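Got the structure open? Let's walk through it together, one topic at a time.

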There are 2 protein chains.
Amino acid sequence: MITLTEENYIKAIYHLGKYGVDNVSTNSIAKEMETKASSVTDMVKKLSDKGYANYKKYQGVTLTEEGKEIAINIVRKHRLWEVFLVEKLNFSWDEVHEVAEQLEHIKSKKLISQLDAFLEFPTHDPHGDPIPDKTGKINKIDKILLSETIIGDQCICVGVQDSSSDFLKYLDKNKIALGTELVVSHREPFDNSITIKIKNKELIISNMIANNLFVKVS
Amino acid sequence: MITLTEENYIKAIYHLGKYGVDNVSTNSIAKEMETKASSVTDMVKKLSDKGYANYKKYQGVTLTEEGKEIAINIVRKHRLWEVFLVEKLNFSWDEVHEVAEQLEHIKSKKLISQLDAFLEFPTHDPHGDPIPDKTGKINKIDKILLSETIIGDQCICVGVQDSSSDFLKYLDKNKIALGTELVVSHREPFDNSITIKIKNKELIISNMIANNLFVKVS
DNA sequence: ATATATTTTTAGATTAATCTAAAAATATAT
DNA sequence: ATATATTTTTAGATTAATCTAAAAATATAT
Ligand SMILES: [Mn+2]
Ligand SMILES: [Mn+2]
Ligand SMILES: [Mn+2]
Ligand SMILES: [Mn+2]
């Protein structure tokens, strides 16, 4: 049996290690989990004993194949629940994360497969992140950050890097949603702010915003 | 903050004490929770300290008003989730309880009020049990056990006492569902078995079955 | 290359929830 | 009314998850 706490550590290691490849440091896990490094050391030993992680003292952690599978399954559940909350229960995209953090730990194979079908097998969550399928396959689309575009690029918004409420509400206020089309018209060298056009209306966007919005160039 | 374990104890005390009125013994809680009496004593002290229960050594436990509110809210969540699983995710009524035991602990006011609306404010769960409304009001219908009926009674099935998978599957097999109409045609004095007629087809039902099926006499 | 700073681990303690075995209180039988 | 049985509590231990403070290892700066 795997505990809720173990699941959360595995998920953190998965996300911090760029989806399971890099070595993850004790301190980075501690920061992500809002806990102390010494607690992380203990837990990481436990995950290693249970076969979910590879760990050598002072060398950081990676997930084993089994650990990675667990992580992907939690991510799948998290994102499916987020779709449910937005599509069926009228949550807005800045309200779903907290609740999904709880729902992702519910253990029932049937629940998730039925939920998946009920939602008509969605491929992406409300923030544009891909939903792993039941075999764990993740369908990545080729998206880049708005900050990486060049002048003249015609783009469509496909995701957010940060999904904090503050950022999502900023996007709502400025009528930027997934699917919104925009053109990059100017980049200010001094502060790297970007001017974009949405339906011929100009909008100036800070570098920080541009660094958190994913687009697809068409 | 209330822990998941505390919530489960409060729920057990609520159900054992006939919905909050009777004193509940340490041993009965231990049996219900599949734990030891000594563990119950510890927890019951804690619930009392936190203001959820009234407890005097050797005298059993009752819930305080606050404890009762918590219990009713958990029951509300449990039953709403059961409706969701049956109505939306095609679970059968013998599959929902286990999953609802997990889902009932998810903490989000908005989630439950939206779920309630999405399900169109159901008044009863798939087993015929009433769903408390958001203020905690429980709409009891006047149901009796099939074993308490008299010969000639025309009944409609409205609920089950036991919701174990074995019992519910028995009902399925014999085409007895909530809403099914039946007439009580004979009672055998020797073993208290009952003969019922459903659509003119006779069926003999043991006393144990009759003791677990609620009906409304019309 | 060595001193210094930073990161990570270890040692020992704490809290929540649980257990076993023994003691204490209450209930039951004669 | 007293002995016996049953129930409940207490004492002391264990496991999971956490913490602080100190020690050890690794990384960085000169
Ligand atoms: Mn999320
Ligand atoms: Mn998301
Ligand atoms: Mn149930
Ligand atoms: Mn039910």
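First, some vocabulary: a residue counts as near a strand if one of its heavy atoms lies within 4 Å of that strand, and helices are DSSP runs of at least four residues, numbered from the N terminus. With that in hand, look at DNA strand C: α3(B) gives the largest share of the surface near it, five residues. Keep in mind that this is a predicted model.

**Where protein meets DNA strand C**

- There are 21 residues around DNA strand C, and the ones that come nearest are A:Lys45, A:Tyr55, A:Lys57, B:Thr3 and B:Lys46.
- Sorted by class, this surface has ten polar, six nonpolar and five charged residues.
- Which part of the DNA strand C atoms within 4 Å of the protein belongs to sugar or phosphate? It's 78%, and the rest belong to bases.
- Two threonines reach phosphate oxygens of DNA strand C: an N or O atom in the side chain of A:Thr26 is 2.9 Å from one, and a polar side-chain atom of B:Thr35 lies 2.6 Å from one.
- B:Ser38 goes for a base instead, with a polar side-chain atom 3.0 Å from a base oxygen of DNA strand C.
- Zooming out to whole elements, two or more residues of the surface near DNA strand C come from each of α2 (26–33) and α3 (37–49) in chain A, and α1 (4–16) and α3 (37–49) in chain B.

**The manganese ions of chain A**

- The manganese ion (ligand 2) has three protein donors, A:Glu82 (OE), A:Asp125 (OD) and A:His127 (ND1), at 2.2 to 2.4 Å.
- Along the chain, these donors follow the spacing E-x42-D-x1-H.
- So how far apart in the chain are A:Glu82 and A:Asp125? They are 43 residues apart: A:Glu82 is in helix α4 (residues 65–87) of chain A, while A:Asp125 is in the loop between α6 (109–118) and β3 (144–145) of chain A.
- A:Glu82 also does double duty, bridging the manganese ion (ligand 2) and the manganese ion (ligand 1), which lie 3.4 Å apart.
- Are these two residues buried or exposed? A:Glu82 counts as buried because its relative accessibility is 1%, and A:Asp125 counts as buried at 5%.

**The manganese ions of chain B**

- Here the manganese ion (ligand 3) gets its protein donors from B:His78 (NE2), B:Glu82 (OE) and B:His97 (ND1), which lie 2.0 to 2.2 Å from it.
- The spacing of these donors along the chain is H-x3-E-x14-H.
- B:His78 sits in helix α4 (residues 65–87) of chain B and B:His97 in helix α5 (residues 96–103) of chain B, 19 residues apart.
- B:Glu82 is a bridge too, joining the manganese ion (ligand 3) and the manganese ion (ligand 4), which lie 3.5 Å apart.
- B:His78 counts as buried at 9% relative accessibility, whereas B:His97 is partly exposed because its relative accessible area is 34%.

**Strands in chain B**

- Strand β4 (residues 154–160) and strand β5 (residues 181–187) of chain B run antiparallel and are joined by three bridges.
- In this pairing, B:Ile156 stands opposite B:Glu181.
- β5(B) also pairs with strand β6 (residues 194–198) of chain B, antiparallel again, through four bridges, and B:Arg187 has B:Ile194 as its bridge partner.
- β5(B) and β6(B) make a hairpin with six residues between them, and B:Asn192 in the turn has a positive phi of about 60°.

Terms used: Residues are numbered from 1 along each chain as its sequence is written. Chains are lettered from A and ligands numbered from 1 in the order in which they are written. This is a predicted model: local features need pLDDT of at least 70, side-chain atom pairs count only at pLDDT 80 or more; totals for chains, interfaces and linings use all residues. Side-chain values use heavy atoms; hydrogens and water are left out. A polar contact is a pair of N or O atoms within 3.5 Å; within protein, one must be able to donate a hydrogen and the other to accept it, and residues adjacent in sequence count only if both atoms are side-chain atoms. Ala, Val, Leu, Ile, Met, Phe, Trp, Tyr, Cys and Pro count as nonpolar, Asp, Glu, Lys and Arg as charged, and the others, Gly among them, as polar. Two strands pair if DSSP finds at least two bridges between them. Donors are N, O and S atoms within 2.8 Å of the metal (3.2 Å for Na, K and Ca); water is not among the atoms, so sites may look incomplete. Buried means under 20% relative accessible area, exposed over 50%, partly exposed in between (1.4 Å probe, protein chains only).
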